[in-house]
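Reader: I should be grateful for a close look at the aromatic rings of this model and at what surrounds them. Please state each criterion with its cut-offs as it arises.

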Amino acid sequence: MLRLIISAILSIHASVILEAEDRPNFLLILTDDLGYGDTSVYGADDLSTPAIDQLAREGMVFTSMRANCTVCSPTRAAMLTGRYADRVGVPGVIRTKIGNSWGYFDPSVPTLANELNAVGYHTAIIGKWHLGLETPNTPNERGFDFFHGFLGDMMDSYTTHLRRGFNYMRRNEEVIEPEGHATELFSQWAVDYIHERADKENEPFFLYLAYNAPHFPIEPPAEWLERVQQRAPDLDEKRALNVAFIEHMDHYIGEVLQALEDSGLAENTVVVFTSDNGGALWYAQRNLPWRGGKQSHYDGGLKIPFILRWPEQVPAGSQSEYEGLTFDVFPTFLELAGAQLSSELDAVDLSPLLKGREMPSGRSLYFVRREGGIDFGGMAYHAIIRDGWKLMRNNPFSALELYHLAEDPFEENNLATEEPARVRQMQRDLMAHIQRGGATTWQAPASKSNKR
């Protein structure tokens, strides 16, 4: 009888949520390896990103947000679960080759798509998945009503869409062979989806638009590269390629934003724009003014662009210095949708900021990456930030480094030797996180292993 009463209460609560007419739609735009210094709004002086700049003018720019990891899969896993990546089985990159794959996305953990779907949202992912190639970890099995994109880690070419000769392009479960540049395809599919949702007034949507640009290979269309080279003939070739690649992506992001306007959905759609980690320095991507880049726990590998636009609620042109992580979108979206928040979350709801209120203080930020190869040996390396201090290393074999970010934001002065007591205290905090993450396996069961 008690179970029936509880079930009835939950059903009534859910029906109230589902009948609400003012719930926002959500558009989460995740770029791949876009550095902090590679948009004009964040200080780039050799490229132009008018669509991203428009989001900044019309919304809130976060200047101190960090990605959950220095590489792709862990950030995505954390963002879709609101939990630290190793707590959901993804401490490293999930790859198409099992011998060099360092994560298995825990199928028992609900995703943001699951949670929003449960309160009446239509959920879609367009673009890069990168959290599993087969059951039970394909997008449609992890809460998404619609998937149109790429299952794998990266493409060998943006125009052939293959990875090691295999085709991972899908429309739901169907193998597809679309023609065109991946950035343009993903954008057009997003535009089509938005126009379709315009007729569904009583069913809000969550669209996760995950570009694989500007991840290498750096492949802008020829006409975009030519435009940059004509404008800046002295620009280094690597840099010119990257500038053209980002400007090309920005143009198509603009088309997606225009689709929201044309469909009458822009005013009540929360748009978040961000990146999964810092840019790759070896491809002339920029993370200025921060030290380091992709794969590094210096802030160039972690600090990323993060912009939130919600015209009905967030003041245009506003700015926040709050130090959060990309997975904070998880509880924020659920709070705005009127859903219940699990006590298991590590992420923090950002909605007080959107309403002009203060955020709670005293938060720790934890980072982990596991990797193979001779430099890492299948082991993990970590970082933790607390009270303006960062304890970190950039491979499992190097000594721990300590930086006082409040006074040394560019991480120039390693104070590990001078501050042994602080190192020990932060090590204890770090070990607690590592132990908690260690309770979750990061290897696929033998029957689920991909043999490629």
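Which residues form one aromatic cluster?

Author: The model is a predicted one, in which local features require pLDDT of at least 70 and side-chain atom pairs count only at pLDDT 80 or more, whereas totals for chains, interfaces and linings use all residues. Residues are numbered from 1 along each chain as its sequence is written, and side-chain values rest on heavy atoms, with hydrogens and water left out.

One aromatic cluster is made up of Phe26, Phe105, Tyr121, Trp129, Phe144, Phe206, Tyr208 and Phe333. Rings of Phe, Tyr and Trp (for Trp the six-membered ring) are paired when their centres lie within 6.5 Å; planes under 30 degrees apart are called stacked, those over 60 edge-to-face, and the rest tilted. This rule yields 24 aromatic pairs. Phe166 and Tyr168 form a tilted pair, because their ring centres are 6.4 Å apart and their planes stand at 40°. For burial, a relative accessible area under 20% is buried, over 50% exposed, and anything in between partly exposed (1.4 Å probe, protein chains only). Phe166, at 34%, is partly exposed, whereas Tyr168, at 2%, is buried. The pair of Phe376 and Tyr381 is stacked, because the ring centres are 5.5 Å apart and the planes at 15°; both of these residues are buried.

Rings also meet charges. A charge is taken to sit over a ring if NZ of Lys or CZ of Arg is within 6 Å of the ring centre and within 35 degrees of the ring normal. Arg291 places its charged end over the ring of Tyr298, 3.8 Å from the centre, and Lys303 lies over the face of Trp290, also 3.8 Å from the ring centre.

The cluster leads on to helix 3. Helices (H or I, at least four residues) and strands (E, at least two) are DSSP runs numbered from the N terminus. Helix 3 spans residues 72-81 and is mostly covered, with 10 of its 10 residues buried. Its cover includes strand 1 (25-31), helix 4 (112-118), strand 3 (122-128), strand 9 (205-210) and helix 9 (329-337). Gly82, just after helix 3, has a positive phi of about 70°.

Arg76 lies in helix 3 and is buried, at a relative accessible area of 0%. With contact meaning heavy atoms within 4.5 Å, and neighbours within four places in sequence left aside, Arg76 touches Leu30, Asp32, Lys128, Trp129, His130, Leu131, Tyr208, Ala210, Tyr211 and Asp276. Of these partners, Trp129 and Tyr208 belong to the aromatic cluster. The C-alpha atoms of Arg76 and Phe367 are 13 Å apart, although 291 residues separate them along the chain.

Phe367 is also among the contacts of Ile385, together with Arg66, Arg363, Ser364, Leu365, Lys390 and Leu405, again apart from residues up to four places away. Ile385 belongs to strand 14 (residues 380-386) and is buried, at 5%. Between Ile385 and Arg142 there are 31 Å, C-alpha to C-alpha, and 243 residues in sequence.

Arg363 is likewise a contact of Asp328, along with Met65, Tyr322, Ala347, Val348 and Leu350, residues up to four places away not being counted. Asp328 occupies the loop between strand 12 (318-320) and helix 9 and is buried, at 0% relative accessibility.

Empty space remains to be described. On a 1 Å grid over the protein atoms alone, a cavity is a set of points where a 1.4 Å probe fits but cannot get out, and lining residues have an atom within 4 Å of a point. Points are joined across faces, edges and corners, the volume being the space filled by probe spheres set on them. The whole structure contains 1 cavity of 30 Å³ or more, and the volume of the largest is about 30 Å³. Its lining consists of Tyr84, Asp86, Arg87, Asp346, Tyr366, His433, Arg436 and Gly437. Helix 12 (residues 420-437) supplies the largest share of that lining, 3 residues. By class the lining has 2 nonpolar, 2 polar and 4 charged residues, where Ala, Val, Leu, Ile, Met, Phe, Trp, Tyr, Cys and Pro count as nonpolar, Asp, Glu, Lys and Arg as charged, and the others, Gly among them, as polar.

Technical notes. On a 1 Å grid over the protein atoms alone, a cavity is a set of points where a 1.4 Å probe fits but cannot get out, and a pocket is an open set with protein on both sides within 12 Å along at least five of seven lines; lining residues have an atom within 4 Å of a point.
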